[in-house]
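Colleague: Please take a close look at the charge pairing in this protein for me. I'd like to know who pairs with whom, and what sits around those pairs.

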Amino acid sequence: MELERISVVLRPRTPREALDLGAAMLRANAAAVWSAWFAFTLPVFVLCNALGVLLGLPWLGLLLVWWLKPLFDRLPLYVLSRAVFDRAPGWRETLRGQRQWSWRSTLAALSWLRIDSSRALRLPLELLEGAPRRQRAARWKVLRRRIVGETSLLTYGCLQFELVLFLSFWLFALLLIPHEWRPESLASFFRDDVHVAATPWILAAATVAYLAMSAIEPLYVACGFALYLNRRTQLEAWDIDLAFRRLRARLQGLGKLLGVLLLCAGALPLSVRAATATVDVPKPVASNLDQVFGQPAGVDRRFAEAAAEVYRDPRFGGERKLRRWTFKYASEPAARAQPLSFPLLARLLAVVFKGLLWLLLIGAAGALAWFAWRWRGRLLPAADGPLPALAQSLQANAASAAPLPADLAGATRALWQARQRREALALLYRGCVEHTAQLLRLPPAAEATEADWLRQATAIADPARAQRVVAIVRAWQFAAYAGRYPDDAAIEQLLSGWPAQAGVSA
């Protein structure tokens with residue numbers, strides 16, 4: 001492997017840091033990854049759904065697209081594996097490059113390894129290395145060691161992200177539907193709407209699921225590839241190997257300069273020796289290990305025996321993990337208090353400040369007691385006082401037990417002319433509710449809201465009366481919740497027919 005061409009900083013990382021590296025690689029090559037992804041998966045998605053519709057099983061397309069995920073994962077892995085060493089290939093080059101990889105591992109991933117939780121880590125091992133089956137099995141045991149938990153969490157986390165995106169789209173679509181148009185319950189929704197238009201709903205769900213998968217699956221492959229690179233860096237010391245290779249390249253570049261310097265250094269002693277006279281230098285006295293260290297070599301063998309015993313100990317060498325519980329917040333040793341310079345003055349100041357704090361506390365308690373006595377009875381509502389405007393409007397609502405006047409239009413017009421516009425609209429709304437319930441033969445419901453009556457208006461056979469109910473309910477909603485009142489002409493139009501005038505058509 002040509003590590004010098006790699007564009008990723010190789011160093012041993014924790015699994016979470018490796019997942020961040022995968023996300024960064026995907027962001028850097030997003031255009032190349034998703035262009036190849038949609039170029040291959042979109043036609044497959046259309047063909048699978050068309051096959052399901054032709055067979056009368058519209059859910060078959062959604063199941064096939066989900067089952068073919070290991071086939072789709074080859075595309076992001078091809079782009080990322082080339083991008084970290086050279087450049088990101090185009091989508092045409094990515095599709096043509098699939099012929100270079102073996103299809104045997106993909107067939108295994110589509111059959112008995114389909115629900116493998118370590119698929120993201122197994123994919124680069126089987127496609128990039130191309131080792132024989134026995135060697136691949138041995139490498140897989142070493143590669144997955146210590147990170148099998150993180151790989152499984154990656155798989156389940158990405159599945160949850162897809163589910164969140166899928167449900168979020170439908171919940172967002174539900175929020176955009178007006179309340180009066182929503183089904184009364186999920187049971188009626190699935191009983192009426194879904195069974196009537198089963199195929200369109202299933203195709204829409206398949207489309208949303210495909211988009212959610214397209215957003216998460218390349219991230220899943222990228223994180224698995226980053227875990228693979230990090231694990232091989234830990235096992236094969238790629239970072240150290242790359243450092244030595246770069247050092248060799250720098251030394252090779254300086255080879256000529258070092259040769260010239262060595263020649264100059266060799267010629268300098270020759271010229272100095274020729275110019276100076278020969279001086280007799282006494283020969284050094286031969287010394288051995290006994291004279292240097294003061295004892296014969298090999299006399300004391302205790303050190304060698306102790307070293308051999310240590311090497312025979314199974315606890316020496318290798319790695320082992322030790323886990324123990326420690327208190328998270330360890331108490332620090334209290335520092336010794338410095339002696340005070342003026343102990344008498346310090347005690348006097350402490351007594352004075354303590355007295356001031358007590359006086360402050362007594363003053364605060366007295367102030368609270370004085371405010372409580374002064375504002376006594378003002379915070380409680382009066383028992384027989386007049387009701388506020390909102391309570392009056394609610395009292396005049398449809399749930400009021402007071403009977404309607406015989407002349408609903410006249411009573412409403414009188415309140416409107418008396419500048420009691422809110423009460424007039426409340427009376428008109430209550431009359432509209434009661435007449436609508438009588439027309440549809442519904443029992444009186446005090447808990448029914450404006451949205452409920454708008455939904456009931458669709459059940460009226462006469463379209464003119466249904467529009468009149470909607471107009472009255474909307475006028476009351478604008479007045480009660482937004483403070484927007486209609487003009488006199490609009491009020492007269494609402495009072496000109498049913499339900500304000502009994503026996504008159506809308």
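**Salt bridges and their surroundings**

Modeller: Let's start with E434, which is partly exposed at a relative accessible area of 27%. Keep in mind that we're looking at a predicted model. E434 has a partner in R430: the two form a salt bridge, with their closest N and O atoms 3.8 Å apart. Both residues belong to helix α20 (residues 421-440) and sit four residues apart, which is about one turn of that helix. That spacing suits a pair, because an α-helix has 3.6 residues a turn and residues three or four places apart point the same way. The other general point is simple: side chains of opposite charge can pair when their charged atoms come close. The two ends of this pair don't get the same label, though. R430 has a relative accessibility of 6%, so it falls under the 20% cut-off and counts as buried, while E434 at 27% is partly exposed.

Now for a network: K69, D73, R119, E162 and E217 are joined into one by salt bridges that share partners. In total, the structure has 15 salt bridges. One of them brings the side chains of E217 and K69 together, at 3.7 Å from N to O. This one spans distant parts of the chain, since the two residues are 148 residues apart, with E217 in helix α12 (residues 198-236) and K69 in helix α4 (residues 69-72). What about solvent, is this pair buried or exposed? E217 is buried, with a relative accessible area of 2%, and K69 is buried too, at 1%.

Compare that with E492 and R413, another salt bridge, where the closest N and O atoms are 3.1 Å apart. E492 is in helix α23 (residues 488-495) and R413 in helix α19 (residues 408-417), so this pair ties together parts that are 79 residues apart in sequence. Here both partners are partly exposed: E492 has a relative accessible area of 36%, and R413 has 26%.

Back to the network, because E162 gives us a way into its setting: E162 is one of the buried residues of α10, along with T151, S152, L154, T155 and C158. The buried residues of α10 pack against α1, α4, α8 and α12. You've already met two of those helices, as α4 holds K69 and α12 holds E217. As for α10 itself, its 29 residues should span 42 Å at 1.5 Å a residue, and the end C-alpha atoms are 43 Å apart, which agrees.

There's a greasy side to this story as well. L154, which is among the buried residues of α10, also turns up in the largest nonpolar core, a set of 38 residues. L154 is listed there with M25, L77, L121, F225 and Y228 as the residues with the most contacts inside that core. The elements giving two or more residues to it are α1 (15-28), α2 (30-54), α5 (74-83), α8 (119-129), α9, α10, α12 and α13 (238-253). The largest share, ten residues, comes from α12, the helix that also carries E217. If you click on F225 and skip its neighbours within four places in sequence, you'll find contacts to M25, L77, L80, S81, V84, A120, P124 and L128. Apart from this core lies another one of 27 residues, including A437, A466, I472 and W498.

Two arginines are worth a glance for their backbones. R146 isn't a glycine, yet its phi is positive, at about 80°. You'll find R146 in the loop between α9 (133-143) and α10 (148-176), and it counts as exposed at 53% relative accessibility. R419 also has a positive phi without being a glycine, near 65°. R419 is in the loop between α19 and α20, and it's exposed, with a relative accessible area of 63%.

Zooming out, the chain has 23 helices and zero strands. Of its 506 residues, 30% count as buried. Among contacts with a separation of 6 or more, 73% come from residues 24 or more positions apart. The chain exposes about 35,100 Å², of which carbon and sulfur atoms supply 64%.

Conventions:
Residues are numbered from 1 along each chain as its sequence is written. This is a predicted model: local features need pLDDT of at least 70, side-chain atom pairs count only at pLDDT 80 or more; totals for chains, interfaces and linings use all residues. Side-chain values use heavy atoms; hydrogens and water are left out. A salt bridge is a side-chain nitrogen of Lys or Arg within 4 Å of a carboxyl oxygen of Asp or Glu. Buried means under 20% relative accessible area, exposed over 50%, partly exposed in between (1.4 Å probe, protein chains only). Contact means heavy atoms within 4.5 Å. Accessible areas come from the Shrake-Rupley method with a 1.4 Å probe; for residues, only the protein chains shown count as cover. A nonpolar core is a set of buried Ala, Val, Leu, Ile, Met, Phe, Trp, Tyr and Cys residues joined through side-chain atoms within 4.5 Å. The expected span of a helix is 1.5 Å times one less than its number of residues.
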